[in-house]
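These are my notes from a session with one chain, kept in the order in which I looked things up. I wanted to follow a few helices and strands and then turn to single residues.

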Amino acid sequence: MEFNNCKEPTVGVEWELQLVDDETLDLFDGILPLMEFFPDTDFVKPEYIQSCVELTSCVAETSDVAVEHIRRSLKKILQRCRELEMSVCGAGTHPFCRRLALITPMSRYMQIEKNYGYMAHTQIAFGTHVHIGMRSGDETMRAMSHLTPALPVFIALSANSPFWRGFQTGHAAYRHRILAVLPNFGIPVVFRDWAEFVSFYNAALKSGMIRQIKDIHWDIRPHPDFGTIEIRAMDAVPDLQTLHALTVFARVMAVCMARASPEEVSRVLPLELPAWIQKENCFRASHWGLNAEFIYNEKGEYRPLRGLIRDLINYCEPVAHDIGESKNLGLVWQILTDGPGYSHQLEAYAEHRSTYAVAVYLKRQLLKEE
């Protein structure tokens, strides 16, 4: 399996949005009529469940270009949804929908339904994915190994799913708890080089564990056809500014971690943490968001996750300058100041004591982009 090398650190974005009834704001299985308006585009796509639409950007040279492309697609989606008496929301889970998901009738998705049965209909979760161009498969594996300990950072900054089936879950990113029931989700396996990953991939194909690269749903994975590393740990975000911030951070971090030696990375981020620590750190980030404590060694010593995020932003600043993203790093600082999506959802709920009010807030966040 060859890796289609990218000469430059390009960036592409995938943003999964919720389709909701315009009046009740409950999830609405509207992707099939919506796609009739977009039969020939690669930038508006159906996803696994019929209450989701995915907006994808072009392959861009900077985050500015990628997010502007998404902005144009969002305006078209909002217009067409209005004609169908629908709207869209950006969040990792819906605040109050209680029914099971209806699977989109595409061959790959129907196979997933066949394989997982009831569990397939419980996967009502929405994410944000960012692709960053890599120069080789070996560079991608190096970036994966360096980024894996930083997964809690991406989880906390994007956390935007504090409600599930009408309940306040006590988790900043409950989406991760939903995905955890299926195989091939969560923390990735770390490989020494591209050849070792290819050996795993071939064995996984032969065993029937997967059918294609898309069946690997790790929080970070390689995409050899595109020549990218894909960071998938993030909840669907509520607005374009947050989308831009996370796109910048994902791109800068991926390039920084791909270029740096393990010795350089270890000055700011502990590498080769035991599996139990990595799992616990990710759980803490999904539970407590930016207020989580990050375990940084086998002795169990920890520090505030906010402090680690600040250190990583400062560490990556020279690379941000090199790839034309310096001015946009301020958007990441803004999340630390204003709070991620989950904090604003909780504020809306505290004011009105209603998950419907949370859905109203989420809808307004996207309507203001028109």
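Before reading any helix crossing, I fixed the convention: axes are lines fitted to C-alpha atoms, for helices over the stretch in contact, and angles run from 0 to 180 degrees between N-to-C directions. I also keep in mind throughout that this is a predicted model.

**Entry: helix α5 and its partner**

With that convention I looked up α5 against helix α11 (residues 305-322), and found that their axes come within 10 Å and cross at roughly 105 degrees. Because angles of 65 to 115 degrees count as roughly perpendicular, I wrote down α5 as roughly perpendicular to α11. I then listed the residues that meet, which are P152, V153, A156 and L157 on the α5 side, and L305, L308, I309 and L312 on the α11 side. Sorting this contact by class gave me 8 nonpolar residues, with no polar and no charged ones.

**Entry: I155**

Staying in α5, which spans residues 151-158, I picked out I155. Is I155 buried or exposed? I noted it as buried, because its relative accessibility is 2%, and the limit for that word is under 20%. Leaving aside residues up to four places away in sequence, I found that I155 touches A173, H176, A233, C282, A285 and S286. I looked at S286 again for its place in the chain: 131 residues separate it from I155 along the sequence, yet the two C-alpha atoms are 6.2 Å apart.

**Entry: strands β1 to β4**

I next turned to strand β3 (residues 52-56), where I counted 5 of its 5 residues as buried. When I split them by direction, C52, E54 and T56 pointed one way and V53 and L55 the other.

Which strands pair with β3? I found β1 joined to β3 by 5 bridges in an antiparallel run, with E16 having E54 as its bridge partner in β3. Strand β2 (residues 44-46) is also antiparallel to β3, with 3 bridges between them, and here K45 is the residue that stands opposite E54. I therefore have E54 on record twice, as the partner of E16 and as the residue across from K45. The connection from β2 to β3 I entered as a hairpin, with 5 residues between the two strands.

Strand β1 (residues 11-21) led me on to β4, since the two pair in the antiparallel sense over 4 bridges. The pair I wrote down for this pairing is Q18 and C89, the latter in β4. I checked both faces of β4 (residues 86-89), and noted M86 and V88 as buried on one side, and S87 and C89 as buried on the other.

**Entry: T10, ahead of β1**

I moved back to T10, in the segment before β1. I entered T10 as buried because its relative accessibility is 18%, a value that falls under the 20% limit. Its contacts, again without residues up to four places away in sequence, are V59, A60, H131, I132, G133 and R251.

**Entry: helix α2 and the loop after it**

I checked the length of helix α2 (residues 63-83), and found that its 21 residues reach 31 Å from first C-alpha to last, close to the 30 Å expected at 1.5 Å a residue. Buried positions in α2 include S63, A66, V67, H69 and I70, and further on I noted S73, L74, I77, L78 and C81 as buried too.

What is the sign of phi for E85, a residue other than glycine? I read a positive value, near 60 degrees. E85 is found in the loop between α2 and β4, and I marked E85 as exposed because its relative accessible area is 59%.

**Entry: E272 and D215, two further loop residues**

I looked up E272 in the loop between α9 (262-265) and α10 (275-288). E272 has a positive phi of about 55 degrees although it is not a glycine, and I entered E272 as exposed, since its relative accessibility is 76%.

My last entry is D215, from the loop between α7 (194-207) and β9 (217-218). I noted D215 as buried because its relative accessibility is 14%. Beyond residues up to four places away in sequence, D215 touches R108, N184 and I210.

Definitions and conventions
Residues numbered from 1 in each chain as written. Predicted model: local features only at pLDDT ≥ 70, side-chain atom pairs only at ≥ 80, totals over all residues. Heavy atoms only, no water. Buried < 20%, exposed > 50% of the residue type's maximum accessible area, 1.4 Å probe, protein only. Contact = heavy atoms within 4.5 Å. Parallel < 35°, antiparallel > 145°, perpendicular 65-115°, else oblique. Nonpolar A, V, L, I, M, F, W, Y, C, P; charged D, E, K, R; others polar. Pairing = 2+ DSSP bridges. Expected span 1.5 Å × (residues − 1).
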